[in-house]
Amino acid sequence: MASKTPLLRAIAQRQYAAGQAAAKPLQAAASQDAKTTVLPNKLVVASVENNSPLSRVSVFFRAGSRFESSENLGAAHFLRIVAGLATRGASHFAITRNLQQLGANLTCQVGREHIAYTLEATNDTIEPTLNFLLEIASKQAFKPWELSDAVPRLRYELAGLSAPAKAVDLLHQAAFRSGLGNSLYVAKHNIGKLSSETMQHFVNQHFTSARCAVVGVGVDQELLVPAAQSLALDSANGPAAVKPTFYANELRRDIASNSAFVAIATQGASVSNAKDAVTFALLHKVAGAGPSVKWSNGAATSPVAKAAAAAAENEVIAASAFNTSYSDAGLFGAVVAAPSNVAGKAVEAVVRSLRSLSVSDADVKRAKSQLKAQLLQETETGSGLIESIGLEAVLRGSVAPSSQVLGLIDSVSTADVAAAAKKVSSGKLAMAAVGNLSQVPYLDQLK
């Protein structure tokens, strides 16, 4: 993840939502809905013609890291690294030269539940460059020497991962173990071991028409449908994902650092229950998702940040609520970054804050306004809009109209958000920590 307020965007990974029924000007700004076509092979095609001078087309597959097995862990990450290499119909040089000659840009994005190949080009060059996008998305060659040449780039990316990113990734592993617990990144011991045959097998299993969506922004639907029909994809459904189970586990990784980065979460809501997912998205804003005004003090309206600051002892601490929803599971909690000498007190204070969240009518009103503004601002950009449409199309099989999202948010009451807060207060916790952990309490010491 309608054109500017798709349902999945409102309730999934980025927790965007739309707010008050009385906000008619914002409703008008999101009035255009996506055109959607489902082909006989179950491939979904969706587009929004917004008359932008820059056109974008994405091919989404339901094939993220959660679908990896023990034999191919890291395949999704490696797919992103090798995107744009030789295909069965074009060499790496031909792809690069032709896209650059036409001023086009190709990117690949990977999440836990999706892989997306996106092409950006001007209106007059999108059609001739579209064939290269289809080649890259459906006719990978995985030549052994090209995979070997990509390994240094893979090592470089892993070396640059931030500690907070590692903590959140480890939190998923602690909470779900396999499936959604699979890392977004290739494990160091698996670098160089993902062969051509392994990669091709992963693609053959998961890159099928029933798990695919072709979406566009600034592109006519009449151009996208024939392009989608020409994709060389099997029509099989592919393997089912591992059903997630939440575990109250912890993972700790000590590294040389003056700081500690801790991610804590309990069970959240999945997007299969739209109202519950929106409710937790609102609770995310109530608990404190960071400042809405750049360079401002987010602690002013954030119980989580206030609790961390009170335990800081004049040290600089960053703390924010954390919420993510997937197709059949979710996590809700907080992420804390603190100097190692006060990290333990900060983590304990944040957990107490999560366990005692109070929700008022004013809090929910503010949360709805913040979520609506964030949603609309993000989807005003072509990149945000196409991601929004694509996620909803590939995971739900349709794109909801804007009015449905607005109505869903309006239906959430203060009592609903308070009930979600109560679930958080009594839920079991999972935890991951990275950095200097000498003062960070263990999970069984947190109440």
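The following exercises, each with a worked solution, concern a predicted model.

**Exercise 1. The hairpin of strands 1 and 2**

Task: Determine how many bridges join strand 1 to strand 2, and in which sense, parallel or antiparallel, the two strands run.

Solution.
- Step 1. Locate the two elements: strand 1 comprises residues 35–38, and strand 2 comprises residues 44–48.
- Step 2. Establish the pairing. The two strands run antiparallel and are joined by four bridges. Within this ladder, valine 38 stands opposite valine 44 of strand 2.
- Step 3. Examine the connection. Five residues lie between the strands of this hairpin. Lysine 42 belongs to the loop between strand 1 and strand 2.
- Step 4. Inspect the backbone of the turn. Most residues other than glycine have a negative phi. Lysine 42, by contrast, has a positive phi, near 80°.

**Exercise 2. Glutamine 221 and its surroundings**

Task: Decide whether glutamine 221 is buried or exposed, and identify which residues it touches beyond four places in sequence.

Solution.
- Step 1. Place the residue: glutamine 221 is part of helix 9, which spans residues 221–229.
- Step 2. Apply the cut-off. A residue is buried under 20% relative accessible area. Glutamine 221 is therefore buried, as its relative accessibility is 10%.
- Step 3. List the contacts. Apart from residues up to four places away in sequence, glutamine 221 touches Lys35, Thr36, Thr37, Val45, Ala46 and Ser47.
- Step 4. Look for a polar partner. A polar atom of the glutamine 221 side chain lies 3.3 Å from the backbone oxygen of valine 45.
- Step 5. Contrast this with a separation in space. The C-alpha atoms of glutamine 221 and proline 291 are 39 Å apart, with their positions 70 residues apart in sequence.

**Exercise 3. Glutamate 120**

Task: Find which side chain makes a polar contact with the side chain of glutamate 120, and state whether glutamate 120 is buried or exposed.

Solution.
- Step 1. Glutamate 120 lies in strand 5, residues 115–122.
- Step 2. With a relative accessible area of 18%, glutamate 120 falls under the 20% limit and so counts as buried.
- Step 3. The polar partner is arginine 56: the two side chains make a polar contact of 2.8 Å.
- Step 4. The wider list of contacts, without neighbours within four places in sequence, consists of Ser55, Arg56, Gly103, Ala104 and Asn105. Arg56 thus appears here and as the polar partner.

**Exercise 4. The partners of strand 10**

Task: Identify which strands pair with strand 10, and which residues are the bridge partners of phenylalanine 332.

Solution.
- Step 1. Strand 10 covers residues 330–339, and eight of its ten residues are buried.
- Step 2. Strand 8, residues 259–267, pairs with strand 10 in the antiparallel sense over nine bridges.
- Step 3. Strand 9, residues 318–325, also pairs with strand 10 in the antiparallel sense, over eight bridges. A hairpin of four residues connects strand 9 to strand 10.
- Step 4. Phenylalanine 332 is the bridge partner of threonine 266 and of asparagine 323.

**Exercise 5. Tyrosine 247 and arginine 177**

Task: Classify the exposure of tyrosine 247 and of arginine 177, and state which residues tyrosine 247 contacts beyond four places in sequence.

Solution.
- Step 1. Tyrosine 247 is in the loop between helix 9 and strand 7, whereas arginine 177 is in the loop between helix 7 and helix 8.
- Step 2. Values between 20% and 50% denote partial exposure. Tyrosine 247, at 28%, is therefore partly exposed, and arginine 177, at 45%, is likewise partly exposed.
- Step 3. Beyond four places in sequence, tyrosine 247 contacts Ala174, Ala175, Phe176, Arg177 and Ala430.
- Step 4. Arginine 177 has a positive phi near 65°.

**Exercise 6. Two spaces in the model**

Task: State the volume and the lining of the largest cavity and of the second largest pocket.

Solution.
- Step 1. The largest cavity holds about 110 Å³. Its lining has 14 residues, with Val82, Leu85, Ala86, Gln140 and Phe142 nearest the centre.
- Step 2. By class, this cavity lining has ten nonpolar residues, three polar and one charged.
- Step 3. The second largest pocket holds about 560 Å³. Of its 22 lining residues, Ser183, Tyr185, Val186, Ala187 and Arg253 lie nearest the centre.
- Step 4. The pocket lining divides into eight nonpolar, eight polar and six charged residues. Helix 7 supplies the largest share, four residues.

Key:
Residues are numbered from 1 along each chain as its sequence is written. Side-chain values use heavy atoms; hydrogens and water are left out. On a 1 Å grid over the protein atoms alone, a cavity is a set of points where a 1.4 Å probe fits but cannot get out, and a pocket is an open set with protein on both sides within 12 Å along at least five of seven lines; lining residues have an atom within 4 Å of a point. Grid points are joined across faces, edges and corners, and a volume is the space filled by probe spheres set on the points. Ala, Val, Leu, Ile, Met, Phe, Trp, Tyr, Cys and Pro count as nonpolar, Asp, Glu, Lys and Arg as charged, and the others, Gly among them, as polar. Buried means under 20% relative accessible area, exposed over 50%, partly exposed in between (1.4 Å probe, protein chains only). A polar contact is a pair of N or O atoms within 3.5 Å; within protein, one must be able to donate a hydrogen and the other to accept it, and residues adjacent in sequence count only if both atoms are side-chain atoms. Contact means heavy atoms within 4.5 Å. Two strands pair if DSSP finds at least two bridges between them.
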